[in-house]
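Hi,

Here is the structure I promised to send over. Have a look at it first, and then read on for my notes.

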Amino acid sequence: MKLSKLLSLVTVASVATVGLGAADIKLSEDEMKKATQVYFDRCAGCHGMLRKGALGPSLEPEKSIAMGTEALKVIINDGTPGGMPGWGKSGELTPEETALMAKYIQIEAPQPPEKSMADMKASHKLLIPVKDRPTAPEAGAENWKDYFAVILRDVGQIAIVDGKTKKVVSVVPSGYATHITRTGASGRYMYVIGRDGKASMIDLWMKEPKNVAEFRPCNDARSIDTSKHKDYMDKYAVIGCYWPPSIVTVDADTLEPMKIVSTASYTYDENVYTREARVAAIIASHEKPEWVINVKETGQVWLYDYSNVMNPKITMVEAERFLHDGGWDLSKRYFMSAANARDVISVIDTQEGKLVKNIPSQGTKPHPGRGANVDHKKLGPVWITGHIGSNDIVAIGTDPVNHPKNAWKVVKKFQLPGEGGGNLFVKTHPNSKYIFADRPVNPDRKLQTQIYVIDKEKLEVVKTIPIPEKYLKSADPKVKARGPVHFEFNADGSEVWTSIWGNKLTASPILVFDSNTLELKSVIDDKRLITPTGKFNVTNTMTDTY
Ligand code: DHE
């Protein structure tokens with residue numbers, strides 16, 4: 001995205017108004033523009049647009065001024081053991097950019113703009129009307145239920161890859177620094193959300209899948225999902241905005257906006273008003289016409305009943321602050337959500353509409369993605385998460401009826417080998433003996449570039465798979481490819497896919513392993529695969545299999 005475009009996000013403070021005690025810090029207009037973009041790209045997700053902190057600590061000027069430019073430069077360059085990436089060390093920020101950011105975060109945060117329904121509607125584009133779309137999968141699209149949508153993060157695109165042939169069937173433009181995709185209940189459309197708040201939908205029945213609609217309800221976003229209850233299949237989609245903090249319901253065929261609900265609210269514990277009440281994970285219930293929505297800063301999980309779409313009923317469940325990502329337990333009744341800055345897993349009973357328990361995760365900064373479910377022979381059903389800030393992996397019992405002694409507590413804890421955390425995702429499939437874990441934000445190069453294989457019955461790491469250096473190549477040796485990131489299985493669970501988190505300079509491959517023998521089966525090495533990160537298989541996303 002061009003700088004000029006990004007600047008529509010913020011009212012850039014004029015050169016003269018920088019301050020709040022940092023009178024000696026002067027940034028030119030160009031430096032402000034540059035720093036605003038770098039902050040949005042690298043910092044806002046964890047520290048917040050208003051810098052009040054969430055996964056990362058507060059960066060409000062009174063704190064950053066006290067730390068001083070030199071100390072801030074070291075942290076931005078080297079990272080911290082708690083999970084802050086070393087942006088300078090990894091080559092992602094130059095020494096000049098590192099120095100600029102150390103100054104920028106000592107001045108007051110620019111105020112991001114609001115958005116009305118009229119603003120949103122102006123961004124809506126129906127690219128291919130429903131009547132002009134295929135009425136059945138076209139010739140060549142027979143494998144659509146085993147397609148993978150692969151995020152090409154830094155180029156803002158989605159690659160649709162055929163899970164059977166391993167060929168890239170199309171590359172579709174999407175929002176800036178695209179974040180995730182989810183399917184509708186039938187799987188036909190992939191719904192995509194960019195960090196710039198642009199949502200788009202891709203028709204997988206086309207021989208060459210394309211966007212059929214796009215819409216930008218937010219300036220900053222991370223989540224999207226759809227109505228999965230049988231009476232509302234493929235009827236609505238929902239976009240969660242980080243900024244302006246809100247929930248936007250749209251028509252699932254066209255992305256036309258229907259309803260906006262602001263999430264700005266009070267923190268559940270101290271009852272302090274927070275304008276920055278960002279929408280983090282959204283998950284659709286299969287049993288009720290309901291979305292389960294993490295309102296990060298407030299510590300509330302909203303159970304959003306969309307059956308009367310213009311007059312929704314919302315149950316605000318008090319959970320824990322800084323709710324981030326999470327997924328269903330094996331029964332799909334309980335939502336297991338990480339309140340990551342509090343080292344807690346909040347369990348929400350969606351049948352009863354209440355908090356079951358806030359469980360200390362026994363590690364630092366749990367980060368499950370959707371997590372991994374195992375029907376363990378002795379322990380019963382357990383849900384598993386890793387941590388960004390420590391090397392702990394924990395299994396929590398989720399069956400209060402048949403395994404009451406194990407329910408809602410950590411029943412097994414074990415460690416990834418070596419020091420430090422850096423795990424972002426764990427994933428499994430009922431047809432694999434293993435859970436797979438990555439570690440892309442561990443500062444140690446060796447630990448960062450391995451796959452960790454966990455035996456589902458032993459619940460311990462039984463193998464590490466180092467990624468050969470040839471797959472980590474980069475055109476500029478100073479800007480290193482991180483190791484594998486995120487896992488996804490094919491529809492029948494026989495294969496697990498992981499992507500090499502490279503950089504814009506060089507295409508990076510997707511590696512496909514047999515999910516039981518662990519043999520490397522294929523390397524999908526296509527020059528269009530620039531910064532592949534998350535992968536979403538149609539069947540597994542439709543059915544919430546993980
Ligand atoms: Fe994500 C899920 C937020 C950085 C890849 N990420 C999520 C979710 C949230 C979130 C709220 C849950 C969405 C849901 O289920 O509805 N992510 C954030 C951030 O705020 C953060 C920390 C910083 C930022 O600036 O954006 C961030 N995320 C990243 C990345 O850098 C990752 C690793 C690479 C990328 O492409 O962006 C990344 N996040 C993912 C993926 C998922 C995800 C692949 C979905 C996991 C799944 O299996 O469902």
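The count comes to 1 disulfide, taken as a pair of cysteine sulfur atoms within 2.5 Å. The partners are Cys-218 and Cys-241, with sulfur atoms 2.2 Å apart, and the link is left-handed at -60° about the S-S bond. Cys-218 sits in the loop between β8 (210–215) and β9 (220–226), while Cys-241 belongs to strand β10 (residues 236–243), 23 residues apart. Strands here are DSSP runs of E with at least two residues, numbered from the N terminus.

Please keep in mind that this is a predicted model, where local features need pLDDT of at least 70, side-chain atom pairs count only at pLDDT 80 or more, and totals for chains, interfaces and linings use all residues. Residues are numbered from 1 along each chain as its sequence is written, and side-chain values use heavy atoms, with hydrogens and water left out.

Why is Cys-43 not bonded to Cys-46? Because the sulfur of Cys-43 lies 8.8 Å from that of Cys-46, its closest cysteine sulfur, which is too far for a bond.

There is iron in the ligand, too: His-179 (NE2) is its only protein donor, at 2.1 Å. Donors are N, O and S atoms within 2.8 Å of the metal (3.2 Å for Na, K and Ca), and water is not among the atoms, so sites may look incomplete. His-179 is found in the loop between β4 (168–173) and β5 (180–183).

Happy modelling!

Definitions and conventions: Helix = DSSP H or I, 4+ residues; strand = E, 2+ residues; numbered from the N terminus.
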